[in-house]
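Morning, everyone. Please have the viewer open while I talk. Here is what we are looking at today.

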Amino acid sequence: MGRSASLGEFEQIVLLAILRLDKDAYGVSIRAEIAARTGRDPAPGALYTTLDRMEEKGMVRSWMGEATPQRGGRAKRNFAVTKAGRAALVDAQRAYQSLLEGLNLLGGANAGSIAG
Amino acid sequence: MQAASLVEGILRRVTTKDRATAIVGDLVETREQKGAVWFWLSSAGVMLSLVWRWAIAFVASFFAGSWSAYAFVMATTGFHAPHRPPDYPWGPVVEGIGLAGCSAIALGVYAAIQYGLRECATQMVLAWATVAAAVIYLWWAPAALVFCIAGAAGLAFYSVFAREGRWASVVVWPAMVVGVAGFFFVGGIDAFYQHLLKPGPWGSDDMLRHPSVPWLALSLMLCAHLAKVCMWSRMRGWAAEARRAGSEAIAE
C-alpha cells in the first residue's frame, strides 16, 4: 500500500475544519471554525497560502460560489476535501492515535494501561 | 469599497483573479466585525504571505544566474583560467553550453525556492545545470566529458519517454528558450544603446563610464529574468491544469 503525502499540523486543522463545515467551507467560515474549536485565530495570509498549497497537492478542491452583498458583491471560494486529502488526514490521525496509545494525556476513555 | 477594490487590484498582480476576489470578499465580510484597522493589517499580511517567497526566489535566482555567468566566463576565457578551450572547435560550443547553463542555474534556484525541490521540473533543470557546469569546468577531461554526455543522453531519454519527464520538459524548455533569447535581447539592446550614445564599434571609455549604461543593462537584465521566471510559472500552471483536466477526464 502506498503512503499518502505527509501533512503538517496546521494542514490537518484546516482539513478537519473543512470536513466539519461540509458544504459551507470558505475562507471566513474555515477561520471561524478553527478559532471556535482550537482557540487559535489563524492569520488570513497563513490560511490562504495553506489552502493554495493543499489545492496544488490535490488534497482540497475549490470552486467559486455565490456573491453576497456583505462581501461587496464578491464571490466566495468554497472548499472540499478530496479523496487524497482524506487519506492523508486518516494516515496522520492514525499516527497520532498510535503514539497516544498507552498514554493518559487525555484521560477518560483514552487512558491506557501504562499511565494513570 | 474603494479600499477593497484597491486591495483586490493589488492582489490580482500576485494571484489569480478568482482567488483575489474571494480573498477580498472574505476580508470585507469580516471587516464588519473587526474594523478597518484589522482589514488593512490583514490585507498587508495576505499580500506579504503571497509575495515573500516569490520575491526571495526572484532575487536569489537573479544573483545565481549573474554569478554563474561571471564564474563560467572566468573559467573559460579568464586570464587565470587553468584550461581555456581552444577557439575551434570548443570555444563556441562551451560558450553556448555556458549560456544555457546560466539560465538553468537561475531557473533551478527560482524553482527550488518557489516550488520546492521535490518537483520533477525543478530536479530536471538542476540536473541540466549540473551537466552544463561539469562541461564548463571539466571539458578537458575525457572521462568527465563521457559522463556528461551520458548524463545529457539520460536526461533527454527521460524527457521523451517518461511521463513525468515530458511534463517537466513542458515547463523547463520554454523557460530555457526565453532565458537564452533574453540574453541576446539584453546584449543587442545594450549594444544598440551604447552605439546611439557614442557611435563606433564599442564606443570609448567616456561612453562606458556614462552612468546610464550600467543602469540600462541592469534594468534589461531584470526584465529578461522576469520574463524567464514568468514563463516558468505560466507553463507550470498550464501543465498542472492540463494534468488535472486529463485526470478528471480519465476518472469520468
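A disulfide, for our purposes, is a pair of cysteine sulfur atoms within 2.5 Å. By that rule, the count over all chains is zero. Keep in mind that this is a predicted model.

Let me stay with the cysteines for a moment. Take B:Cys148. How far is its sulfur from the closest cysteine sulfur? The answer is 16 Å, to B:Cys102, and that is too far for a bond. B:Cys148 is buried, with a relative accessible area of 8%. B:Cys223 is in no disulfide either. The nearest cysteine sulfur to B:Cys223 belongs to B:Cys230, 11 Å away. B:Cys223 counts as partly exposed, because its relative accessibility is 47%.

Now chain A. Its secondary structure comes to four helices and two strands. Read from the N terminus, the elements run α-α-α-β-β-α. Chain A has 116 residues, and buried ones make up 40% of them. Look next at contacts in chain A between residues at least 6 apart in sequence. Of those, 47% join residues at least 24 apart.

One residue to find in chain A is A:Arg61. Its place is in strand β1, residues 60–68. Is A:Arg61 buried or exposed? Neither quite: A:Arg61 is partly exposed, at 47% relative accessible area. Set aside neighbours within four places in sequence. A:Arg61 is then in contact with A:Glu55, A:Asn78, A:Phe79, A:Ala80 and A:Thr82. Now go 12 residues along the chain, to A:Gly73. The C-alpha atoms of A:Arg61 and A:Gly73 are separated by 23 Å.

On to the packing. In soluble globular proteins, nonpolar side chains tend to be buried together. Here the largest nonpolar core has 34 residues. Which residues have the most contacts inside it? They are A:Val14, A:Ile18, A:Ile30, A:Leu51, B:Leu11 and B:Phe39. Several elements each supply at least two residues of this core. From chain A, they are α1 (9–21), α2 (27–38), α3 (44–56), β2 (74–81) and α4 (83–100). From chain B, they are α1 (2–14), α2 (17–34) and α3 (36–77). α1(A) gives the most, with six residues.

Zoom in on A:Ile18. Leave out residues up to four places away in sequence. A:Ile18 touches A:Ala25, A:Ile30, A:Leu51, A:Val60, A:Phe79, A:Ala80 and A:Val81. Apart from that largest core lies another, of 32 residues. B:Leu107, B:Cys148, B:Ala168 and B:Val172 are among them. So we meet B:Cys148 again, the buried cysteine at 8%.

Next, where the two chains meet. There, 25 residues of chain B are in contact with 20 residues of chain A. The chains bury about 1800 Å² between them. Carbon and sulfur atoms account for 52% of that area. Which three residues supply the most of the area that chain B buries against chain A? They are B:Arg19, B:Asp26 and B:Glu29, with 31%.

Rings, then. There are eight aromatic pairs over all chains. The rings of B:Trp54 and B:Phe58 have centres 5.1 Å apart and planes at 20°, so this pair is stacked. Both residues lie in helix α3 of chain B, four residues apart, about one turn of the helix. B:Trp54 is partly exposed, at 30% relative accessibility. B:Phe58 is buried, at 12%.

A second pair is B:Phe157 and B:Phe161, and this one is tilted. Centre to centre is 4.6 Å, with 40° between the planes. These two sit in helix α6 of chain B, residues 142–161, and because they are four residues apart, about one helical turn separates them. B:Phe157 and B:Phe161 are both exposed.

Some rings have a charge over them. A:Lys76 lies over the face of A:Tyr26, 4.3 Å from the ring centre. In chain B, the charged end of B:Arg236 sits over the ring of B:Tyr115, 3.8 Å from its centre.

Last stop, B:Pro214. Find it in helix α9 of chain B, residues 212–251. B:Pro214 is partly exposed, at 46% relative accessibility. Its C-alpha atom is separated by 21 Å from that of B:Ala106, 108 residues apart along the chain.

That is the tour. Thanks.

Technical notes. Residues are numbered from 1 along each chain as its sequence is written. Chains are lettered from A and ligands numbered from 1 in the order in which they are written. This is a predicted model: local features need pLDDT of at least 70, side-chain atom pairs count only at pLDDT 80 or more; totals for chains, interfaces and linings use all residues. Side-chain values use heavy atoms; hydrogens and water are left out. A nonpolar core is a set of buried Ala, Val, Leu, Ile, Met, Phe, Trp, Tyr and Cys residues joined through side-chain atoms within 4.5 Å. Buried means under 20% relative accessible area, exposed over 50%, partly exposed in between (1.4 Å probe, protein chains only). Contact means heavy atoms within 4.5 Å. Rings of Phe, Tyr and Trp (its six-membered ring) pair if their centres lie within 6.5 Å; planes under 30 degrees apart count as stacked, over 60 as edge-to-face and the rest as tilted. A charge sits over a ring if NZ of Lys or CZ of Arg is within 6 Å of the ring centre and within 35 degrees of the ring normal. Buried area is the accessible area (1.4 Å probe) that two parts lose on being put together, summed over both.
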